[in-house]
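Below is a short briefing on one protein model. It goes from one loop to the helices, then to a charged pair, the surface and the overall fold.

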Amino acid sequence: MDFVTLPPLFWICYYMLIILLIFYFVTLLRNKKYKVISTFSLISILILLVYQIFITIERTSGYNEFQYLLELFFNANIHAIFVLFLYVFIITSFIYTLIQSRVS
C-alpha cells in the first residue's frame with residue numbers, strides 16, 4: 001500500500017506545540033491557577049495523542065492524516081467528531097487561560 005503522510009516539518013511543529021501545551025498546563029497546575037481546566041486539558045491532550053494514533057492506523061491509502069480525519073468527520077464518524085472536539089477544547093482552554101492570566 002502507498003500511504004501519504006504530512007511533511008516532516010508539520011510533524012515537528014505539531015509535536016513541539018503539543019509539548020509546549022503540556023508544559024504550559026503543568027505550569028498552571030504547579031502555580032495552582034486554573035486547576036480544573038488545566039487538569040482537563042492535560043487529560044485531553046493525552047487522550048488525543050493515543051486516540052488519534054488508533055484512528056490514523058485504519059486510514060486507507062491516498063489520504064494523509066488530516067484528510068482522513070476530515071473525511072471521517074464529514075461522514076459523521078463519532079471518533080473523528082470526538083478528536084476534533086478535543087482539539088477545539090484544548091485550543092479554547094489555552095486561549096482562555098492565556099487571556100485570563102493577562103487580564104489579572
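A76 sits in the loop that joins α3 to α4. In this predicted model, A76 has a positive phi, near 60°, although the residue is not glycine. A76 counts as exposed because its relative accessibility is 56%, and exposed here means over 50%.

**Loops and backbone**

- A second loop, between α1 and α2, contains K32.
- K32 follows α1 and has a positive phi, near 55°; like A76, K32 is a residue other than glycine.
- With a relative accessibility of 67%, K32 counts as exposed.

**Helix α1**

- α1 covers residues 8-30, which makes 23 residues.
- From the first C-alpha of α1 to the last the distance is 33 Å, close to the 33 Å expected at 1.5 Å a residue.
- Y14, I18, L21, Y24, F25 and L28 are the buried residues of α1.
- An α-helix has 3.6 residues a turn, so residues three or four places apart point the same way.
- The cover over the buried residues of α1 includes α2 (35-57) and α4 (78-103).

**Helix α2**

- α2 also has 23 residues, and its end C-alpha atoms are 34 Å apart; this agrees with the 33 Å that the helix should span at 1.5 Å a residue.
- The buried residues of α2 are S38, S41, L42, S44, I45, L48, Q52, I55 and T56.
- Among the elements that cover these buried residues are α1, α3 (65-74) and α4.

**Helix α3 and F73**

- F73 belongs to helix α3.
- F73 is partly exposed, at a relative accessible area of 32%.
- Leaving out residues up to four places away in sequence, F73 is in contact with A80, I81 and L84.
- S38 of α2 is 35 residues from F73 along the chain, and their C-alpha atoms are separated by 27 Å.

**Salt bridge**

- How many salt bridges does the count come to? The count is one.
- The pair consists of E65 and R59, whose closest N and O atoms are 3.3 Å apart.
- Side chains of opposite charge can pair when their charged atoms come close.
- Are the two partners buried or exposed? E65 is buried, with a relative accessible area of 10%, and R59 is buried as well, at 12% relative accessibility.
- Both residues count as buried because their values are under 20% relative accessible area.

**Nonpolar patch**

- L9, I12, M16, I19 and F23 make a nonpolar patch of about 540 Å² on the surface.
- L9, one of the residues of this patch, is placed in helix α1.
- L9 is exposed, with a relative accessible area of 61%.

**Transmembrane annotation**

- An unreviewed UniProt entry lists residues 6-29, 36-57 and 77-99 under "transmembrane region".
- In the model, the span 6-29 is 92% helix and 0% strand, and its end C-alpha atoms lie 33 Å apart.
- The span 36-57 is 100% helix and 0% strand, with 32 Å between its end C-alpha atoms.

**Overall fold**

- The protein has four helices and zero strands, and its elements run α-α-α-α from the N terminus on.
- Taken along the principal axes, the C-alpha atoms fill a box of roughly 50 × 30 × 20 Å.
- Of the 104 residues, 30% count as buried.
- Among contacts with a separation of 6 or more, 67% are between residues 24 or more positions apart.
- The exposed area is about 7,200 Å², and carbon and sulfur atoms supply 74% of it.

Definitions and conventions
Residues numbered from 1 in each chain as written. Predicted model: local features only at pLDDT ≥ 70, side-chain atom pairs only at ≥ 80, totals over all residues. Heavy atoms only, no water. UniProt positions renumbered as here; feature names shortened; annotations may be inferred. Helix = DSSP H or I, 4+ residues; strand = E, 2+ residues; numbered from the N terminus. Salt bridge = Lys/Arg side-chain N within 4 Å of Asp/Glu carboxyl O. Buried < 20%, exposed > 50% of the residue type's maximum accessible area, 1.4 Å probe, protein only. Expected span 1.5 Å × (residues − 1). Contact = heavy atoms within 4.5 Å. Patch = residues over 30% accessible without salt bridge, like charges linked within 9 Å, V, L, I, M, F, W, Y side chains within 5 Å. Areas by Shrake-Rupley, 256 points an atom, 1.4 Å probe, with all protein chains shown as cover.
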